Structures are given as structure tokens and as C-alpha cells.
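Me: I would like to learn how to read a model like this one feature by feature. Please start with the surface and then work inward.

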Amino acid sequence: MQSSVLPTWLQPRYRKNVYLFIYYLIQFCGHSWILTNMTARFFSFGKDSMADTFYAIGLVMRVCQSISLLELLHIYIGIESNHLFPRFLQLTERVVILFGVITIQEEVQEKYVVCVLFIFWNLLDMVRYTYSMLSVIGSSYAVLTWLSQTLWMPIYPLCVLAEAFTIYQSLPYFESFGTNSTVLPFDISSYFPYVLKLYLMMLFIGMYFTYNHLYTERKDVLRVLSVKQKKM
């Protein structure tokens, strides 16, 4: 009696890898377009292009960051191997800054720090999604692996500093215009600048946990890479 074997394209592992590859490819294309657009605009218009960065690429950035929330679902259902809490912290940082600060306060969108922050985010994501995309199809390059596990070490702290500075620069506008500040029932007021100041402290606490996780992950990945190179 012959055992029935599913075609390759029907096997769960194959479908999972196809889905992840498409997801990583979409993210890579999105972040590549953003960084390419920012670079071209800078060489065309110089320093003036930094002031209207958000108007030029803000929509695509919001789409990419919204789609990235799927990664929490990927980890939760087990199709992506990663730790849920550190990834949650990283995504929360970006969602709060992008949607809760930059998007809703137009005066912040013209700040140079927004351009710098977007450059940092996209550099990290372009490398990360390239590495993840190739890993799904079984391709491994030592240089890319090392870069994906090392680039974040100087850039991630700079991202957090840029995020903190973005919040700092936004506070006078939130205080002046009262954006997102509401009066709740029973005369309880929600003063958004206080929320941002509290989040500012939590941002650096979250950075400590995320940095430790990424550093531990880096040691494990590079250790495996070293073993593979020795066997070759």
C-alpha cells in the first residue's frame, strides 16, 4: 500500500516559508523605497528636504509599521521564531512615536530629528528583512549575518535617543494645543504631556531589556555561524 505524500506546495512548512518570504519581501521593498526616496531627495534638495520628510514618505512608513504588527502574531502562533516580549517593546516604541507623536502633531513632522529617526529605522529594517528573507529560503551569508547581528549595536541606542528627543520636542506643542488631552468622567483629566513624560522614562527601561535580549541573541547566532564555518 503506497503512502500518500502531499505535494511540496501543499505542505504546511512550505506554505509557511512562502508566506514569510512574501512578508519579508514586502517589508524590504517598502523600507528600501523609503530610504532610496530620502537619499534622492537629499541629493536633489539638500538640507531643505529634511523638513518635509514626513510629507514625502510618511504614508509608506505608516503602512510598513502597521504591517509589522503582524510579527507579534507570527511569534504567538509559532511561524516565526523569536521572543514575544522584546519584539513587543520594539514595535511599541515605533507605534507610539510614529502614530502617537509625529502623525497627530503636525508641527513635529517638520523637525530634522524625524528625518534622522526614519533613517535609523530604515537602515535597521533593510538589513533585518534582507537577512530574514534569505534565511527563510535557506540562504546564509556570513557577512550579512554578522551585519544583521551587529548593526543594531550602535544604531538602536541612537534610535532610542532620537525617539526621546522627538518626544522632548513635541511636548511644548502638546502643552500649547492640548492635543490628545481630554477630560474624563468624574472630573478626571488626561493630560497627554504627562503621559509622554512617563513614557519617556519607560522608553529607556525598555531599551535596557531589548538591548540585553538582542545581545544574547547575537552571541547565539554568531556562535552557530562560527561552528558552521569551522565545519566547512
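Reply: Let us begin with the nonpolar patch, whose largest share, four residues, comes from helix H3, residues 70–77. Please keep in mind throughout that this is a predicted model.

Me: Which residues make the nonpolar surface patch, and about what area does it have?

Reply: The patch is made by Tyr 19, Leu 70, Leu 73, Tyr 76, Ile 77 and Leu 84, and its area is about 600 Å². Leu 84 belongs to helix H4. Since a residue must have over 30% relative accessible area to be admitted to a patch, the value for Leu 84 is worth checking: at 37% relative accessible area, Leu 84 is partly exposed.

Me: How much surface does the chain expose, and what share do carbon and sulfur atoms supply?

Reply: The chain exposes about 13,600 Å², and 67% of this is supplied by carbon and sulfur atoms. As for the interior, 39% of the 232 residues count as buried.

Me: How many helices and strands does the chain have, and in what order do the elements run?

Reply: There are nine helices and two strands; read from the N terminus, the order is α-α-α-α-α-α-α-α-β-β-α. To see how such elements are brought together, one can ask how far apart in sequence the contacting residues lie: among contacts with a separation of 6 or more, 75% are between residues 24 or more positions apart.

Me: How should I read the length of a helix, and what does H2 show?

Reply: One compares the span expected from the residue count with the distance between the end C-alpha atoms. Helix H2 has 15 residues (53–67) and should span 21 Å at 1.5 Å a residue, and its end C-alpha atoms are 21 Å apart, which agrees. The helix should nevertheless be followed along its axis as well, for H2 bends by about 40° at Leu 59.

Me: Which residues of H2 are buried, and against which elements do they pack?

Reply: The general idea is that an α-helix has 3.6 residues a turn, so residues three or four places apart point the same way. In H2 the buried residues are Thr 53, Phe 54, Ile 57, Gly 58, Met 61, Cys 64 and Gln 65. These buried residues pack against helices H1 (12–45), H4 (84–102), H5 (106–109) and H6 (112–136).

Me: Where does H8 have its kink, and what follows shortly after that residue?

Reply: In H8 a kink of about 35° lies at Ser 170, shortly before the proline Pro 172. As to its span, H8 (residues 152–177) has 26 residues and reaches 36 Å from its first C-alpha to its last, which is close to the 38 Å expected at 1.5 Å a residue.

Me: Trp 152 is also in helix H8; is Trp 152 buried or exposed?

Reply: Trp 152 is buried, its relative accessible area being 7%. To see what surrounds a residue, one lists its contacts while leaving out its neighbors in sequence; setting aside residues up to four places away, Trp 152 touches Leu 124, Pro 157, Tyr 211, Leu 214, Tyr 215 and Arg 218. One of these, Leu 214, is 62 residues from Trp 152 along the chain, yet their C-alpha atoms are separated by 8.5 Å.

Me: How many salt bridges are there, and which side chain meets Arg 41?

Reply: The count comes to seven salt bridges. In one of them Arg 41 meets Asp 52, at 2.4 Å from N to O. This pair links distant parts of the chain, with Arg 41 in helix H1 and Asp 52 in the loop between H1 and H2, eleven residues apart. The accessibility of each partner should be read separately: Arg 41 counts as buried at 18%, whereas Asp 52 is partly exposed at 31%.

Me: Which residues are joined into one network by salt bridges that share partners?

Reply: It helps to take the pairs in turn. Glu 71 and Arg 87 meet at 2.7 Å, N to O; Glu 71 is in helix H3 and Arg 87 in helix H4, 16 residues apart. Both ends are covered, Glu 71 being buried at 0% relative accessible area and Arg 87 being buried at 7%. Asp 125 forms a salt bridge with Arg 94, with the closest N and O atoms 2.4 Å apart. Asp 125 lies in helix H6 and Arg 94 in helix H4, so this pair ties together parts that are 31 residues apart in sequence. Asp 125 and Arg 94 are both buried. Through shared partners, salt bridges join Glu 71, Arg 87, Arg 94, Asp 125 and Arg 128 into one network.

Terms used. Residues numbered from 1 in each chain as written. Predicted model: local features only at pLDDT ≥ 70, side-chain atom pairs only at ≥ 80, totals over all residues. Heavy atoms only, no water. Expected span 1.5 Å × (residues − 1). Bend = angle between axes of the 7 residues up to and from the residue. Buried < 20%, exposed > 50% of the residue type's maximum accessible area, 1.4 Å probe, protein only. Contact = heavy atoms within 4.5 Å. Patch = residues over 30% accessible without salt bridge, like charges linked within 9 Å, V, L, I, M, F, W, Y side chains within 5 Å. Areas by Shrake-Rupley, 256 points an atom, 1.4 Å probe, with all protein chains shown as cover. Salt bridge = Lys/Arg side-chain N within 4 Å of Asp/Glu carboxyl O.
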